[in-house]
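This report covers how helices and strands pack in one part of a chain. The sequence and structure come first.

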Amino acid sequence: MAISGTLLSRLKDSSLVREEMLVGGSWREEGASGKRVEVQNPSTGDLLASLPSAGLEDVRIAVDLAKVAQKKWASRSAKERAAVMRKFYDLVVANSEDLAVILTSEMGKPLAEARGEVAYGASYIEWFGEEAKRVYGDTIPGHQADKRLLVLKQPVGVVAAIAPWNFPSAMVARKVAPALASGCAIIFKPAAETPLSALALAILAERAGVPGGLFSVLPTQDARMFGEEVCSNPTVKKLTFTGSTEVGRILMAQGAQKIMKLSLELGGNAPFIVFDDADLDEAVEGAMLSKFRNAGQTCVCANRLYVQSGIYDRFVRKLAERVSALKVSDGFEDGATIGPLINGEAVAKLHSHIDDAVNRGATVVVGGTRDPRGGTFVQPTLLSGATKEMKVAREETFAPLAPVFKFETADEVIELANDTEFGLAAYFYANDLRNVWKVTEALEYGMVGVNTGLISTEVAPFGGVKQSGFGREGSKYGLDDFLSMKYVCMGGIPA
Ligand code: SIN
């Protein structure tokens, strides 16, 4: 067992990578499962580190110690909690270059994007640290003269979190920050592909003074065991999950046994609509951002591009120029814009969507064939002539594939855009104010970007509707998911 020399040589502070897990305040070299989580660089296939794989006993210990730590943490003033979180934020900023290097190494995204992700994640720690001081309750005018009615907001207690591999750093911050701010403890399971970023953040949290036991990080190969345990263990009061709708459904069914509080951020199938009156250059820019960020591997990436007939040909031409200029390479190479996909299944899915679309009549405008680099590198691809019968219309590709559909009227495109079980993000470009309102209100999505391809920020409530889940991350609404409401009725108060 040895941490990759290449990774260590790129770091200023090599102690940010540990081949251990953090269980209830103790760093452990071995897990109860006796197995290992091997972390690879998806660009080179090199082994980066070999971590202990948490077993059931580790999860149980982490949960028990979280319960003790949570009680103490919740009894501290909001101001004290906010001060610790400020230190945590400052340390993340101070170590952001190392965090970005760790992220690119384990996930593959270009270093410039990794830097952006670390800053994005840090912003949640800053925001929620500040919000910790504003967890207000309420007073309600009594219904009887001797009554006083109050609403208290209290931390839910011990929270479990399950995060995906596509944002190994920001997803940690987005779940841990509201938990800590509201006075909860958190047991965090990072994706087995990308646990190093979560562990590095836990090291910084510890240095900032986050008490032992409050934030455990349990990488494991046995995701099923983790899910079953946190959904059945009575001490765990809430689960926050980001991942597929399929797994979200299983967790929801398991959590139903104890009526568990849940936040689920699940799959998407985002429409990106361009009306004839849109600013063409801005729409192309927005499409690039929305579609090709993280090589198309985000839940809010545009999946279906609908372009009105009057602007269709010009849009496809301009988008083709931009897609052809993307640079596919190792995330550490200068100017890289598209890194490798996370694994072979992701590559196979992309090609099955391209093949299906081409067999059903789509035209390949850019890309479309296997990438000469091999491995999990793929060519960014633009297809024109997409239709609703194709897989790309129904399934989330999660890769750099932009299928462009043609439409005629607003009513037609609203129907097409809503014709999916998903409801996470939608985007459209238009200038007629009446149309803007009509379309915004008609789209059945939890988030709508109007004349922008980038909607993610810590100050806004990120989340979906329909089978994209429920619960919000970020903004003042994001704290509610970690708080319980207690209504207090005080009677017998003399006149
Ligand atoms: C996600 O893919 O789930 C997160 C994307 C984002 O935060 O913008």
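In this predicted model, helix α12 (residues 344-359) lies across β14, β15 and β16. Its direction is at about 30° to β16.

These three strands belong to an open sheet of seven strands with mixed pairing, in the order β14-β15-β16-β13-β12-β18-β19. At the edges stand β14 (363-366) and β19 (447-450); each has a single partner strand, so one side of each is left without a neighbour in the sheet. On average, neighbouring strands of the sheet are turned by 25° against each other, direction ignored.

Within the sheet, β15 (residues 381-386) and β16 (residues 401-407) run parallel and are joined by four bridges. In one of these pairings, L383 has P403 in β16 as its bridge partner. Strands of a sheet pair through backbone hydrogen bonds, in either a parallel or an antiparallel manner.

A helix pair is described next. Helix α10 (residues 280-292) packs against helix α11 (residues 312-324) at an angle of about 50°, and their axes are 10 Å apart. The two helices are therefore oblique to each other, and their crossing is right-handed. The residues that meet are listed by helix.

| Helix | Residues in the contact |
|---|---|
| α10 | L280, D281, A283, V284, E285, A287, M288, F292 |
| α11 | R314, F315, K318, L319, R322, V323 |

By class, this contact of α10 with α11 holds nine nonpolar residues and five charged ones, with no polar residues.

Terms used. Residues numbered from 1 in each chain as written. Predicted model: local features only at pLDDT ≥ 70, side-chain atom pairs only at ≥ 80, totals over all residues. Heavy atoms only, no water. Axes fitted to C-alpha atoms, helices over the stretch in contact; angles between N-to-C directions. Parallel < 35°, antiparallel > 145°, perpendicular 65-115°, else oblique. Left-handed = near helix turned anticlockwise from the far one by under 90°. Contact = heavy atoms within 4.5 Å. Nonpolar A, V, L, I, M, F, W, Y, C, P; charged D, E, K, R; others polar. Pairing = 2+ DSSP bridges.
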